[in-house]
Amino acid sequence: MTALPKVAVVGAGIEGAGAAFYLTTKHGIVPSLFDPDPYSGASQVAAGMLAPVAEAVYGEERLLEMMLEAAREWTRLDDALRAAGLESGYRGGGSLLVASGANDVAEIERTYAYYQRLGLAVRRLRAAEARELEPALSPSSGPALYTEIDNQVDNRVAHRSLLAGALKAGATLENRRVAEVSRRGSTWVLIDDQGGEHRADKVVIAAGVRSGEIEGLPSYMKKALRPIRGQVLRLRSAPGAGPSLVVRSLWDGRLVYVVPRTSGEVVIGASAEEVGFDATRKARSTYELLRDTFKVLPGLGEADLEEVNVGFRPGTADNFPILGEAEPGLYLDTGHFRHGILLASITGRWIAEAVAHDKVPEGMGQFAPQRLEARS
Ligand SMILES: Cc1cc2nc3c(=O)[nH]c(=O)nc-3n(C[C@H](O)[C@H](O)[C@H](O)COP(=O)(O)OP(=O)(O)OC[C@H]3O[C@@H](n4cnc5c(N)ncnc54)[C@H](O)[C@@H]3O)c2cc1C
């Protein structure tokens, strides 16, 4: 029997935690995770939409198959987490895209036609039908699209459970920042911010938008990632008082999304700005998000405003994730941009398979890091 590789995972956000969960539970490999503060990144800020349909973007169809498989994988992950005695935070029920202004109906029709071309199962609803499905919608809201494919997960719960599941199965977590990785013979050496050295046969870099700051990665990683700032709000409504479905609303061309948890928490998002790592919480973003939300879900005006958070989506030049073996034994698992919660299921599975079996899982090759070499 061949010995299992010693694996280090750098970053314990939802991607690192997801990879560690699959490594331990599917392959019996217990990695060492390194992260100074696992709950400080985008994974705790995100809204948790699992939305391959809503996120299908013209020109990015390559990602669609992966996103659809990621959504299916989330139902399996939900089962796996429950089997391990952990909450997943997964919630079905589907999602609505509502035309909130008269000018938005034509856009909804165009979107519907696009989904038809992609073969996605989406239903067109008249305004009254949409309100029947989601009674919290404003009486003035217009027609809508509904899909059962797009759902949600409480990303905070899922992230904590994935990490807890990996640790329970034997993985370890060191609260250290990895400053550098380097290859010595057939071994990888990680140097932490206190000068400590750690050895591994294989290393997975899952440090989110900061991944490129680690020394010793291929040079194309230096400029591969950029932060796309996003501000979200967390409200709390009385149980049963808020919406029950994920609602995306278009009002005069502006999109706002509202993600209600069973706990009464309601997440509203999100701005998208290219302003570097500016973490200040802007009054304007808060105002715009609430204004656009109250247009479609006026009852939320009675909810408590609990949190205003800023996070940084790990953006890439082509908007696709960076996944795979960059050098022998060095795996990159980053660049998940605005889909990282959705993609955590499939990338966790793929990266774990690649590390455990030295193979490229079907579907992953097109996101290989080497494509960045050509660009740089
Ligand atoms: C406002 C907003 C809304 C979003 N909404 C959604 C959504 O609805 N659906 C969806 O699918 N996605 C969404 N996303 C995207 C998603 O949040 C990210 O793609 C995803 O969280 C990235 O996960 P990650 O683990 O790569 O990064 P992170 O969660 O940022 O984790 C990276 C971790 O690496 C650690 N780290 C960094 N450097 C080092 C180092 N040198 N050594 C060790 N550790 C290190 C950090 O401490 C951190 O814990 C949203 C993002 C934002 C900002």
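Here are some exercises with worked solutions on this predicted model.

**Exercise 1. Overall build**

Work out how many helices and strands the protein has, and what its radius of gyration says when set against a compact globule.

*Solution.* Start with the secondary structure: it comes to 9 helices and 20 strands. Next, take the chain length. For 376 residues, a compact globule would have a radius of gyration near 21 Å, and the protein has 21 Å, so the two agree. Then look at the box: along the principal axes, the C-alpha atoms fill roughly 65 × 40 × 40 Å. To finish, check burial, where 57% of the 376 residues count as buried.

**Exercise 2. The shell around the ligand**

Find which residues come nearest to the ligand, and sort the shell by class.

*Solution.* There are 40 residues around the ligand, and Asp35, Ser43, Val178, Phe337 and Leu342 come nearest. Sorting the shell by class gives 20 nonpolar, 12 polar and 8 charged residues. Now see which domains take part: the shell draws at least three residues from domain 1 (7-71 + 155-224 + 317-375) and at least three from domain 2 (95-147 + 226-315).

**Exercise 3. Backbone contacts, cover and elements**

Identify which backbone atoms sit by oxygen or nitrogen atoms of the ligand, then work out how much of the ligand the protein covers and which elements supply the shell.

*Solution.* Take the ligand's oxygen atoms to begin with. A polar backbone atom of Ala42 is 3.0 Å from one ligand oxygen atom, and for Gly48 a backbone N or O atom lies 3.1 Å from an oxygen atom of the ligand. Move on to nitrogen: here a backbone N or O atom of Val178 is 2.8 Å from a ligand nitrogen atom. As for cover, the ligand on its own has 1,000 Å² of accessible area, and the protein covers 95% of that. The elements giving two or more residues to the shell are α1 (14-27), α2 (42-45), β14 (226-236), β18 (304-315) and α8 (340-357). Of these, β18 gives the most, with 4 residues.

**Exercise 4. Glu107 and its surroundings**

Place Glu107 in its element, decide whether it is buried, partly exposed or exposed, and find its side-chain partner.

*Solution.* Glu107 belongs to helix α4 (residues 105-118). Its relative accessibility is 31%; since partly exposed runs between the 20% and 50% cut-offs, Glu107 counts as partly exposed. Its side chain makes a polar contact of 2.9 Å with the side chain of Arg110. For a longer link along the chain, go to Asp252: 145 residues separate it from Glu107 in sequence, while their C-alpha atoms are 9.9 Å apart.

**Exercise 5. Three strand residues**

For Ser249, Val258 and Gly311, give the strand and say whether each is buried or exposed.

*Solution.* Keep the cut-off in mind: buried means under 20% relative accessible area.

- Ser249 is in strand β15 (residues 246-251). It has 1% relative accessibility, so Ser249 is buried. Its C-alpha atom is 9.9 Å from that of Gly142, 107 residues away along the chain.
- Val258 is in strand β16 (residues 254-260). With 0% relative accessibility, Val258 is buried too. Pro243 is 15 residues away along the chain, and the C-alpha atoms of the pair are 8.5 Å apart.
- Gly311 is in strand β18. Its relative accessible area is 9%, so Gly311 also counts as buried. Between Gly311 and Ser161, 150 residues apart along the chain, the C-alpha separation is 21 Å.

**Exercise 6. Backbone oddities in loops**

Track down where the cis peptide bond is and which loops hold Asn319 and Asp358, then sort these two as buried or exposed.

*Solution.* Begin with the peptide bond: the cis one joins Gly269 and Ala270, with omega about -15 degrees. Ala270 is in the loop between β17 (265-269) and α7 (283-296).

Now for positive phi outside glycine. Asn319 has phi near 70 degrees and lies in the loop between β18 and β19 (322-327). At 18% relative accessible area, Asn319 is under the cut-off and therefore buried. Asp358 has a phi of about 50 degrees and sits in the loop between α8 and α9 (371-375). Its relative accessibility is 58%, so Asp358 counts as exposed.

Definitions and conventions:
Residues are numbered from 1 along each chain as its sequence is written. This is a predicted model: local features need pLDDT of at least 70, side-chain atom pairs count only at pLDDT 80 or more; totals for chains, interfaces and linings use all residues. Side-chain values use heavy atoms; hydrogens and water are left out. A residue is near a molecule or strand if one of its heavy atoms lies within 4 Å of it. A polar contact is a pair of N or O atoms within 3.5 Å; within protein, one must be able to donate a hydrogen and the other to accept it, and residues adjacent in sequence count only if both atoms are side-chain atoms. Accessible areas come from the Shrake-Rupley method with a 1.4 Å probe; for residues, only the protein chains shown count as cover. Ala, Val, Leu, Ile, Met, Phe, Trp, Tyr, Cys and Pro count as nonpolar, Asp, Glu, Lys and Arg as charged, and the others, Gly among them, as polar. Domain bounds come from an automatic or database domain assignment. The radius of gyration is taken over C-alpha atoms; the globule rule is 2.2 Å times the number of residues to the power 0.38. Buried means under 20% relative accessible area, exposed over 50%, partly exposed in between (1.4 Å probe, protein chains only).
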